[in-house]
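Subject: Structure for your reading

Dear colleague,

Please find below the structure that I promised to hand over to you. A summary of the findings follows it.

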Protein chains: 2
Amino acid sequence: MKQPAKLKDVAERAGVSPAAISRFLNGSLLLPEATVSRIEAAIAHFDYRPNPHARRLSLGRSDTIALVLPEIGNPFFAELAAAAEEAASEQGLGVMLFATGNRRARELEYLARLGSSDVDALLFVTNLTDDDGALASAIGRAARVVLLDEDVPGTSVTKVFCDNEAGGRLAARAFLEAGHRRLVYIGGPRDLMSSRERGAGFRAAAREAGLAEAAVTEFYGDYSLAHGRATAEALLADGAPPTAIFASSDQVLLGLLPVFRAHGVRVPADVSLVTFDDVAPLDFFDPPISAIRQSISDMGRTGVERLVALIRGENTPAEILRLPIEFVARASVAPPRGDGKFQENSTWRPR
Amino acid sequence: MKQPAKLKDVAERAGVSPAAISRFLNGSLLLPEATVSRIEAAIAHFDYRPNPHARRLSLGRSDTIALVLPEIGNPFFAELAAAAEEAASEQGLGVMLFATGNRRARELEYLARLGSSDVDALLFVTNLTDDDGALASAIGRAARVVLLDEDVPGTSVTKVFCDNEAGGRLAARAFLEAGHRRLVYIGGPRDLMSSRERGAGFRAAAREAGLAEAAVTEFYGDYSLAHGRATAEALLADGAPPTAIFASSDQVLLGLLPVFRAHGVRVPADVSLVTFDDVAPLDFFDPPISAIRQSISDMGRTGVERLVALIRGENTPAEILRLPIEFVARASVAPPRGDGKFQENSTWRPR
DNA sequence: ATCGCTTCGTAAACCGCTTTATCGAGGGGG
DNA sequence: CCCCCTCGATAAAGCGGTTTACGAAGCGAT
């Protein structure tokens, strides 16, 4: 396996200077037909490709963006990554992938790569809530960062979020229209913007519909199976369980479901359910679960779009974009039963 | 925002030459305490980080690997990406992410990046089956490629696959032990190694158990919802449907399920089901679906491990690794019913 | 013949780091 | 006292592009 050809080799074979080739390739030099074809022949002969490191060093940019995510395996982030990669690739940008695993040190480290021009810009998602200011200031310092999905308070970069509050409202409205009067919201972390906003929208819509404040109960925790499971169990232990539950994420829903099934609680006969995200294959659940869907790929694409604007130097003012949200009606919402109580050991298929 | 400091700045402040700093940082120069602390102070003062492009140009390597996948959103590949990123990161390697979208041209393009030392090595997954030799020869030329999940015939690089055949056998065995005698395998593409091997293992185990050749029917197509759906419908239209179905992937299963549900076919009362991969949240299905599970993260980690060996220049011989497979028993396999026929409009919860 | 304007290029600096000699100073041995 | 070795560095040549600034032809006009 021999060395890849360098500019000099091509230049010699084409009988011109390296500069000529470089300028020709980058469009800063127009050449007559004869020279062009000699150059092209030489390039083809060596299968020449400019050394990217040399190019990047010289140009001072990498044509690469970083995608920083809490984790990659999670379908939500995976879809985000897919959309971002596709959008970036269309712009001729490479994507470096970094998982922080929710470690603050990692987040800061990847942010620092921006400074050394390792990457030209950063698409950043964090769901850590305990920032002592270090993260916010690192982001502020970095420029060319776009925040996705969750906020980092105290930063003024471009941010792309979904309309969490509208989502919460849609969920409440679905329940209210079906006649429910006792609602529960199972949130994620109380300090996380998305979790708070979804709850706020849910609560607001209920109140606007005339429900008393006590009619909607909120449980905060985290976006996890365990939190869903624990809350479901607490709900079952309670004497007067709700007839409608809004899960703040598919993860929470996934925790809920087996508990209900094990106790013979039927969906939607005993309890109506709506979840947020719509990233799990909810169509295939039994019953299919209604969901508030956010377009993750829009988020990824939009993020890249803004990033590209930043890179190209268009001085786009930092702004907060709210992506629209949609209610996907499936079979998990029905009118409440008269007695408003779960029926243990019902005929609903126990596991 | 001022320019990041360069080696020269640090050197001047520390009162030594740039070479000294570089060598010190790379461990090729031992220095007395006093100098060390001056250097460290200077580095801290500037928050100096070596320019990665300059470093890579000089070193001729990028400390970065590429992960080339058909698509990223698919949970299977997402999990693979997560594992690979984690393993790479532990080795101090960055990961560039590329989705080919099953386009041959993309695959070749990303392979070409290896030549220009854009990345040091490639973790490659393809599920295209129509190679005319271009891909195989590009891979052969590339060196420092590890193939994951699916084979590219005619290449002799290191490959990491799961034990598809053993998986097929486990599926058959589960059915046979439950007493089934009419088995169906819904495969993916006939030309894809994984699909073929899973079918072969399934068939072999059935035959070894004494079943007639006609007792197991195979349907090839692709790893898709649509193929699952179509096959399910064909099966239902048939007069003598099987009592046990082995889906070659979760996607296929996901196509199957709604068709059965719509027709009132009960799982496992009417038909027993086993799927392959275990990447969908099968625990949460009703009933939970038994699966052949492959450890995707092992595959990612192992792939990176071999890649690192290649990069470090250890002359590891190219070999084919087969990762173990596991049967995850859930509730979707039961003894067949006497009559061996689906019961239309049964009491099984229709959608 | 000369001026001036295109056209078609080229020379050389530069991007920032790594590394291969090489070198001065100090210390120990003969 | 001199030689040689070790310690503590450094100068300078890459790595392979890009770009700025400049220049040699060629040619029409004066």
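A salt bridge is a side-chain nitrogen of Lys or Arg within 4 Å of a carboxyl oxygen of Asp or Glu. By that definition, two salt bridges are counted between chain A and chain B. One of the pairs that qualify is R56(B) with D118(A), whose closest N and O atoms are 2.6 Å apart. Please bear in mind while reading that this is a predicted model.

The contact between the two protein chains

How many residues does each chain bring to the contact between chain A and chain B? The contact involves 48 residues of chain A and 48 residues of chain B. The size of an interface is often given as the accessible area lost when the parts come together. Here chain A and chain B bury about 4300 Å² between them, with 60% of that area on carbon and sulfur atoms. There are also 14 residue pairs in polar contact between chain A and chain B, counted where both residues have pLDDT 80 or more.

On the side of chain A that touches chain B, the elements that give two or more residues are helix 4 (52-59), helix 5 (75-90), strand 2 (94-99), helix 6 (104-115), helix 7 (134-142) and helix 11 (250-262) of chain A. The residues on this side of chain A comprise 26 nonpolar, ten polar and twelve charged.

The domains of chain A

The domain assignment divides chain A into domain 1 (7-50), domain 2 (59-163 + 296-324) and domain 3 (164-295). Between domain 1 and domain 2 of chain A, the C-alpha centres lie 37 Å apart.

The surroundings of DNA strand D

Which residues come nearest to DNA strand D? Of the 25 residues around the strand, they are K6(A), L7(A), S22(A), S58(A) and S17(B). For S17(B), a backbone N or O atom lies 2.5 Å from a phosphate oxygen of DNA strand D. Y48(A) places a polar side-chain atom 2.8 Å from a sugar or linking oxygen of DNA strand D, while S58(B) has a polar side-chain atom 3.2 Å from a base nitrogen of this strand.

Helix 2 (18-25) and helix 4 of chain A, together with helix 2 (18-25) and helix 4 (52-59) of chain B, give two or more residues to the surface near DNA strand D. The largest share, four residues, comes from helix 4 of chain A. By type, the residues of this surface are 14 nonpolar, seven polar and four charged. Among the atoms of DNA strand D within 4 Å of the protein, 64% belong to sugar or phosphate and the rest to bases.

Yours sincerely,
A colleague

Notes. Residues are numbered from 1 along each chain as its sequence is written. Chains are lettered from A and ligands numbered from 1 in the order in which they are written. This is a predicted model: local features need pLDDT of at least 70, side-chain atom pairs count only at pLDDT 80 or more; totals for chains, interfaces and linings use all residues. Side-chain values use heavy atoms; hydrogens and water are left out. Contact means heavy atoms within 4.5 Å. Buried area is the accessible area (1.4 Å probe) that two parts lose on being put together, summed over both. A polar contact is a pair of N or O atoms within 3.5 Å; within protein, one must be able to donate a hydrogen and the other to accept it, and residues adjacent in sequence count only if both atoms are side-chain atoms. Ala, Val, Leu, Ile, Met, Phe, Trp, Tyr, Cys and Pro count as nonpolar, Asp, Glu, Lys and Arg as charged, and the others, Gly among them, as polar. Domain bounds come from an automatic or database domain assignment. A residue is near a molecule or strand if one of its heavy atoms lies within 4 Å of it.
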